[in-house]
Amino acid sequence: DGVNLPDRVAEFCAFRERAWRQRGRYETLAPAARGPALTAFLVEMSRRAAPDRIPAIGALRAGGRVVASACLLFRGDTAWYYMCAFDPRYAACGPG
């Protein structure tokens, strides 16, 4: 679709920051788990990703908008669910 991984990671981070702020819980995140430093780290990680340790951004869309997103890490046939975010307006639809 023409969007590179570092751009997707930056978009994910912005979505996650907005979601936490909208929920009114942003300040409950540890300083290392929020803000520009975390975004810069994740974007740089995506730029340096080795072919066998590929980060990916998954997004769930509804009505043309992202309602949930996750940063995933892969190595071989193993995937790690690193962090996620969701639009608070869709919280009632979550399985948890």
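The legends below describe close-up views of a predicted model.

**Figure 1. Overall arrangement of the predicted model.** The protein has two helices and three strands, and from the N terminus on these elements run α-α-β-β-β. Of its 96 residues, 27% count as buried. Among contacts with a separation of 6 or more, residues 24 or more positions apart account for 41%. The exposed surface of the protein comes to about 6,400 Å², and 58% of this is supplied by carbon and sulfur atoms.

**Figure 2. Surroundings of Tyr26 in the loop between α1 and α2.** Tyr26 sits in the loop that runs between α1 (5-22) and α2 (35-48). Tyr26 counts as buried because its relative accessibility is 8%, under the 20% limit. Apart from neighbours within four places in sequence, Tyr26 is in contact with Glu17, Trp20, Arg21, Arg34 and Gly35. Two of these partners also take part in polar pairs with Tyr26. The side chain of Arg21 makes a polar contact of 3.5 Å with the side chain of Tyr26. In the case of Gly35, the backbone nitrogen is 3.4 Å from a polar atom of the Tyr26 side chain. Between Tyr26 and Arg16, ten residues apart along the chain, the C-alpha separation is 9.7 Å.

**Figure 3. Arg16, a buried arginine without a salt bridge.** Arg16 belongs to helix α1. Which side chain of opposite charge is nearest to Arg16? The nearest is that of Glu17, at 4.6 Å. Arg16 is buried and has no salt bridge, because a salt bridge requires the nitrogen and the carboxyl oxygen to be within 4 Å. A polar atom of the Arg16 side chain does lie 2.9 Å from the backbone oxygen of Ala33. Not counting residues up to four places away in sequence, Arg16 touches Leu29, Ala33, Leu38, Met83, Cys84 and Ala85. Ala33 therefore appears in this view both as a contact of Arg16 and, through its backbone oxygen, as a polar partner of the Arg16 side chain, the pair being within the 3.5 Å limit. Cys84, also touched by Arg16, is partly exposed, with a relative accessible area of 34%.

**Figure 4. The salt bridge between Glu27 and Arg34.** Side chains of opposite charge can pair when their charged atoms come close. The protein has four salt bridges, one of which joins the side chains of Glu27 and Arg34 at 3.4 Å, N to O. The two partners differ in burial. Glu27 counts as exposed because its relative accessibility is 60%, whereas Arg34 is buried, with a relative accessible area of 18%. Arg34 is also among the residues in contact with Tyr26.

**Figure 5. A network of salt bridges at Glu44, Arg47 and Arg48.** Salt bridges link Glu44, Arg47 and Arg48 in a network. Within this network, Arg47 forms a salt bridge with Glu44, and their closest N and O atoms are 3.8 Å apart. Both residues lie in helix α2, three residues apart, which is about one turn of the helix. Arg47 is exposed, with a relative accessible area of 56%; Glu44, at 30% relative accessibility, counts as partly exposed.

**Figure 6. The salt bridge between Asp87 and Arg89.** The side chains of Asp87 and Arg89 meet in a salt bridge of 2.6 Å, N to O. Is each partner buried or exposed? Asp87 is buried, with a relative accessible area of 4%, while Arg89 is exposed, with 55%.

**Figure 7. Cys71 and its closest cysteine.** A disulfide is a covalent bond between the sulfur atoms of two cysteines. The count of disulfides in the model is zero. The cysteine sulfur closest to that of Cys71 belongs to Cys13 and lies 7.4 Å away, which is too far for a bond; the limit is 2.5 Å. Cys71 counts as buried, at 2% relative accessibility.

**Figure 8. Arg61 in strand β1.** Arg61 is part of strand β1, which covers residues 54-62. Arg61 is exposed, with a relative accessible area of 53%. Leaving out residues up to four places away in sequence, Arg61 touches Val66 and Val67.

How values were computed:
Residues numbered from 1 in each chain as written. Predicted model: local features only at pLDDT ≥ 70, side-chain atom pairs only at ≥ 80, totals over all residues. Heavy atoms only, no water. Helix = DSSP H or I, 4+ residues; strand = E, 2+ residues; numbered from the N terminus. Buried < 20%, exposed > 50% of the residue type's maximum accessible area, 1.4 Å probe, protein only. Contact = heavy atoms within 4.5 Å. Polar contact = N/O pair within 3.5 Å; in protein donor to acceptor, adjacent residues only side chain to side chain. Lys, Arg positive; Asp, Glu negative; His and termini not counted. Areas by Shrake-Rupley, 256 points an atom, 1.4 Å probe, with all protein chains shown as cover.
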